[in-house]
Amino acid sequence: MGINLKNLSDGELIRRLRGGDKPIASKLISLAEDPTEDHTPLEEVYKEYRGDAHIVGLIGPFGVGKSTLINRLIGAYRKKNYKVGVIAIDPTSPLSHGALLGDRVRMQDHANDKDVFIRSMASRGGYGAVPQGVGAAIKIMDIFGCDIIFLEGVGAGQLDISPARYVHTVVVVVGPMMGDDIQMMKGGVTEYADIYAVNKADDPKSETAVQVIKEALRYSSVEKEFQPKIVKTVATSGDGVGELASAIEEHKRFIDERGGYGRREEQLRSELRDMIVTDLVARMQEELKDERIQQIFEDVVDREMSTYLACKKCIDFIGGIRSGKSRGI
Ligand SMILES: Nc1nc2c(ncn2[C@@H]2O[C@H](COP(=O)(O)OP(=O)(O)OP(=O)(O)O)[C@@H](O)[C@H]2O)c(=O)[nH]1
Ligand SMILES: [Mg+2]
């Protein structure tokens, strides 16, 4: 039997969430993920959310060991008696099928711990790599009482840094240098990293990774107040995970001393922007099905119009529909 969130008063909902009610938290996250749902119960969540949890993003290429590392980090933070949340973003491309299961399996050690909340979210449909609902999930876990929340970034081949906007501390995870990692360094991801975890350090090629990162940092034109840390880890054995947790804590102290960087405010703005763009794109896709728009497409195909003029006409037409008056074409 499912719980119906609508049968709970706002006060009851928040009280149960604060009391560590996992089914309620899960229900709320499912609601936040589904654009077709009535999101009224989330009003209270956004009002109650204080932003006390430290949000740590682990981003890096597919299979580099992000989930295994998070599994170890959960262990390290549970030893300090922290309540831990994990949000694993699953890229729903056919190629990565099974990643969701993979993330869960790697974190299985903690699945039954009442003070660990693990949630996977599909990235399909969101603008960029951050699915709708991640922002809300962070707030729900925050009220749930998580002291630290790990966000596992999309493990697709090329790296997407958009999860970085949702977190306080960015850990870029790289492996023994392979094509993807070197590309990532050249691609300027270095600008977002607060910490580098060079994982699979049991492979001697990981030393190359350390050198490439040092080199990239030396020639980076970005002035960073926090000198990024490089930590070598072996997620499978746990080696270096203590150092990684210390580096995360050091970065937390650094941002706390500076009033939190204003990142919570920036995160809320990013979240709203992403949500508006996602929603507009979805509406636009619907509006493009209009037969008059389809006619413009045909005009382009028949070489009667350029895509430039056609685009302008389509946008004007959609604007006309929006403002309630049909301007015609
Ligand atoms: N040798 C070695 N293998 C590792 C290490 N860390 C992880 N692995 C293995 O690498 C594989 C991928 O690990 P995951 O933790 O699933 O990697 P991931 O980055 O979460 O992968 P996706 O979520 O699919 O992108 C697994 O088989 C792990 O056992 C390590 O430090 N050394
Ligand atoms: Mg994973």
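This text walks through a sheet, the helices around it and a cavity. The model is predicted.

Start with the sheet. Seven strands make it up, and the sheet is open. Their order is 3-2-4-1-5-6-7, with parallel pairing. Strand 3 (116-122) and strand 7 (229-232) stand at the edges. Each has a single partner strand, so one side of each is left without a neighbour in the sheet. From one strand to the next, the twist averages 20°.

Now look at one edge. Strand 7 pairs with strand 6 (residues 195-198). The pairing is parallel and runs over four bridges. To find the register, take Ile 195, which stands opposite Lys 229 of strand 7.

A helix lies across this part of the sheet. Helix 9 (residues 241-257) lies across strand 1 (54-59), strand 4 (148-152) and strand 5 (169-174). Helix 9 also lies across strand 6 and strand 7. Against strand 7, helix 9 runs at about 160°.

Next comes a helix pair. Two packed helices are described by the angle between their axes and the distance between the axes. For helix 1 (residues 10-18) and helix 6 (134-144), the axes come within 7 Å. They cross at roughly 75°. An angle of 65 to 115 degrees counts as roughly perpendicular, and helix 1 and helix 6 are therefore roughly perpendicular to each other. Which residues make the contact? Helix 1 brings Ile 14, Leu 17 and Arg 18. Helix 6 brings Ile 140, Ile 143 and Phe 144. By class, the contact has five nonpolar residues, no polar ones and one charged.

Finally, turn to the cavities. A search of the whole structure finds two of 30 Å³ or more. The second largest has a volume of about 80 Å³. Its lining consists of 13 residues. Nearest its centre lie Tyr 49, Ile 55, His 168, Arg 264 and Gln 267. Which elements give two or more residues to the lining of this second largest cavity? They are helix 6 and helix 10 (263-287). Helix 10 gives the most, with three residues. The lining of the second largest cavity is mixed in class: six residues are nonpolar, three polar and four charged.

Terms used: Residues are numbered from 1 along each chain as its sequence is written. Chains are lettered from A and ligands numbered from 1 in the order in which they are written. This is a predicted model: local features need pLDDT of at least 70, side-chain atom pairs count only at pLDDT 80 or more; totals for chains, interfaces and linings use all residues. Side-chain values use heavy atoms; hydrogens and water are left out. On a 1 Å grid over the protein atoms alone, a cavity is a set of points where a 1.4 Å probe fits but cannot get out, and a pocket is an open set with protein on both sides within 12 Å along at least five of seven lines; lining residues have an atom within 4 Å of a point. Grid points are joined across faces, edges and corners, and a volume is the space filled by probe spheres set on the points. Ala, Val, Leu, Ile, Met, Phe, Trp, Tyr, Cys and Pro count as nonpolar, Asp, Glu, Lys and Arg as charged, and the others, Gly among them, as polar. Two strands pair if DSSP finds at least two bridges between them. Axes are lines fitted to C-alpha atoms, for helices over the stretch in contact, and angles run from 0 to 180 degrees between N-to-C directions. Contact means heavy atoms within 4.5 Å. Angles under 35 degrees count as roughly parallel, over 145 as roughly antiparallel, 65 to 115 as roughly perpendicular and the rest as oblique.
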